[in-house]
Amino acid sequence: MFVMYPYVLIAIALVHNVRADTCGQNRKALGDWFNSHGSPHLLLEPIPPVVSNVATNPYNDPNNPPPSADVYCAMKWSTETDPITGNRKYYLRNFPDEGAARATNFSITHKGHCGACSTLQDLGVYMRENLTTPVRSCGMKATFSFNSDKKLKECLLDLGFSDMCTSIWAYNVKNTKDKCYWTCIWSYVRNEPFNKPDGTLNDCLQCDEDKSGPNFKYFSGRTRRNSGIPSSIKRPSAQFYPMEHCYWYGNLPTSS
């Protein structure tokens, strides 16, 4: 994913692990904060309908994904706190436009409807590390494990994802394995870069985009692209929603 800045500024920002989406904060420090302060258990009613565990494999239903409205997922902190952690609870809500969210003191957390990965815990995971290689590694480890489904979910949870977000990621990885296995094995063996010289995706990533992408985007809600978070995979700027995540409270921990 690309932010539309000159390449020199992008390179400087990467060296310091800081980008526009982090409001000038250290990426890992801010990502860790959201991950530890954004558990789904802190969500207050009403919770948007797609913000839930994906209980059945959406790839088994040819009618998926359902139509999706052109909306924005936004959050707002409550003054109510969790009695055990002391963390503030929060709301997630869909809005027809950015102005409607701001008018009710909500902060946009990503473009598109709220889904299984729209919690701030999952935002923290997306923000603090590039997920392409770790998630692929989870898929490879699970492939050669006795209980592959269990190992895949355990590996995704170890990355810091919520149970809800893990559910759609697991289905996504399994579907890509089913539909793109040999294409991706060949790409992996050849150690192909994520993008071809002309900027298009390598064949494995393009297969994943075509075969698994539509359902993943619908049920997850949040992606790196619609959250303004950069990635090592180059994408057309039109697919990227530039934004900032400046809605933490209190002090951020220091991180190198």
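Helix 7 passes helix 8 in a right-handed crossing, where right-handed means that the near helix is turned clockwise from the far one by less than a right angle, and left-handed that it is turned anticlockwise. The axes of these two helices, helix 7 and helix 8, come within 8 Å and cross at roughly 155°; axes here are lines fitted to C-alpha atoms, for helices over the stretch in contact, and angles run from 0 to 180 degrees between N-to-C directions. Helix 7 and helix 8 are therefore roughly antiparallel to each other, a term used for angles over 145 degrees. On the side of helix 7 the contact is made by Asn 172, Asn 175, Thr 176, Lys 179, Cys 180, Thr 183, Cys 184 and Ser 187, and on the side of helix 8 by Asp 203, Cys 204, Cys 207, Asp 208 and Lys 211, contact meaning heavy atoms within 4.5 Å. These residues divide into four nonpolar, five polar and four charged, where Ala, Val, Leu, Ile, Met, Phe, Trp, Tyr, Cys and Pro count as nonpolar, Asp, Glu, Lys and Arg as charged, and the others, Gly among them, as polar.

The model is predicted, so that local features need pLDDT of at least 70 and side-chain atom pairs count only at pLDDT 80 or more, while totals for chains, interfaces and linings use all residues. Residues are numbered from 1 along each chain as its sequence is written, and side-chain values use heavy atoms, with hydrogens and water left out.

The protein chain as a whole has nine helices and three strands, helices being DSSP runs of H or I with at least four residues and strands runs of E with at least two, numbered from the N terminus. From the N terminus on, these elements follow the order α-α-β-β-α-β-α-α-α-α-α-α. Of the 256 residues of the chain, 49% count as buried, that is, under 20% relative accessible area with a 1.4 Å probe and protein chains only. Among contacts between residues at least 6 apart in sequence, 71% join residues at least 24 apart.

Helix 8 covers residues 203–211, and its buried residues are Cys 204, Leu 205, Cys 207 and Glu 209. These buried residues pack against helix 7 (163–189) and helix 9. At the N-terminal end of helix 8, Asn 202 acts as a cap, with a side-chain oxygen 3.1 Å from the backbone nitrogen of Cys 204, which falls under the definition of a polar contact as a pair of N or O atoms within 3.5 Å, one able to donate a hydrogen and the other to accept it within protein, where residues adjacent in sequence count only if both atoms are side-chain atoms.

Earlier in the chain stands helix 2, residues 27–37, which packs with helix 4, residues 120–128, at an angle of about 160° and with the axes 7 Å apart. Helix 2 and helix 4 are therefore roughly antiparallel to each other, and helix 2 passes helix 4 in a left-handed crossing. Arg 27, Lys 28, Leu 30, Gly 31, Asp 32, Phe 34 and Asn 35 of helix 2 make this contact with Leu 120, Gln 121, Leu 123, Gly 124, Val 125, Met 127 and Arg 128 of helix 4. The residues of the contact divide into six nonpolar, four polar and four charged.

Eight of the eleven residues of helix 2 are buried, so helix 2 is largely enclosed by the rest of the structure. The buried residues are Arg 27, Ala 29, Leu 30, Gly 31, Trp 33, Phe 34, Asn 35 and His 37, and they pack against strand 1 (72–81), strand 2 (88–95) and helix 4. Asn 26 caps the N-terminal end of helix 2, its side-chain oxygen lying 3.0 Å from the backbone nitrogen of Lys 28. His 37, which lies in helix 2, counts as buried at 16% relative accessibility, and a polar atom of its side chain is 2.9 Å from the backbone oxygen of Trp 33. Leaving aside residues up to four places away in sequence, His 37 touches Leu 42, Trp 77, Asn 87, Arg 88, Tyr 90 and Tyr 249.

Two residues of the segment after helix 9 complete the tour. Leu 252 is placed in that segment, after helix 9 (213–220), and its C-alpha atom is separated by 9.9 Å from that of Gly 31, 221 residues apart along the chain. Ser 227, also in the segment after helix 9, counts as buried at 0% relative accessibility, and a polar atom of its side chain lies 2.8 Å from the backbone oxygen of Thr 223.

Technical notes
Parallel < 35°, antiparallel > 145°, perpendicular 65-115°, else oblique. Buried < 20%, exposed > 50% of the residue type's maximum accessible area, 1.4 Å probe, protein only.
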